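Me: I am new to this structure and would be grateful for a close look at one part of its surface. Please set that part in the context of the whole chain.

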Amino acid sequence: MTVNHLPEPARPSGVVQLPDGTHVYAENLPASYAGPQVVHQHIHQAAPDKTVQRIALGSGVGAGAVAAGVYFGPLLVGALTAIAANIAMLAVLALVLGWCVHTVVKSVGSPDAASAVKNVRKARRHR
């Protein structure tokens with residue numbers, strides 16, 4: 001029977017029993033110790049863009065293509081967002097200018113223009 005002369009560690013999981021029955025701290029294992037190795041594999045779902053890149057790498061696509069996807073993917077999203085923002089700003093500008101023109105023409109209109117509008121309305125009703 002062997003006597004363990006090691007002091008108790010702060011965490012009991014730090015002590016390992018070797019095949020010959022001796023106890024050692026886990027960080028002081030001999031280099032020749034080839035005990036069973038447990039591999040913990042954690043599989044996490046990656047973000048959609050990373051998943052596509054990993055599938056591309058797994059199917060044999062070169063790293064250059066994946067690097068291009070990493071670089072140009074967000075760049076393309078940013079460019080499309082900027083284009084959409086510009087188009088939206090132009091649409092708002094066109095709406096405001098159209099409202100301004102309508103308001104100015106309506107307020108500046110002469111009595112002759114008002115009578116012409118009445119005549120057109122009457123003509124449309126009597127068709």
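**A surface patch in context**

Reply: Read from start to end, the chain follows the pattern β-β-α-α-α. It has three helices and two strands; helices (H or I, at least four residues) and strands (E, at least two) are DSSP runs, numbered from the N terminus. This is a predicted model, in which local features need pLDDT of at least 70 and side-chain atom pairs count only at pLDDT 80 or more, while totals for chains, interfaces and linings use all residues. Residues are numbered from 1 along each chain as its sequence is written, and side-chain values use heavy atoms, with hydrogens and water left out.

The predictor's confidence in each residue, pLDDT, runs from 0 to 100. The chain averages 76, and 62% of the residues score at least 70. Among its elements, helix H1 (residues 48-58) has the lowest mean, 63, and H2 the highest, 89. Where pLDDT is low, the predicted coordinates should not be read in detail.

The part chosen for a close look is a nonpolar patch on the surface formed by Leu76, Leu80, Ile83 and Ile87, with about 410 Å² of accessible area together. Such areas come from the Shrake-Rupley method with a 1.4 Å probe, and for residues only the protein chains shown count as cover. Patches are made of residues with over 30% relative accessible area and no salt bridge (a side-chain nitrogen of Lys or Arg within 4 Å of a carboxyl oxygen of Asp or Glu); like charges are joined within 9 Å, and nonpolar side chains (Val, Leu, Ile, Met, Phe, Trp, Tyr) within 5 Å.

Ile83 of this patch is found in helix H2 (residues 63-108). Ile83 has a relative accessible area of 48% and is therefore partly exposed, a class that lies between buried (under 20%) and exposed (over 50%), with a 1.4 Å probe and protein chains only.

For the whole chain, the accessible surface comes to about 11,300 Å², of which 66% belongs to carbon and sulfur atoms. Buried residues make up 7% of the 127 residues.
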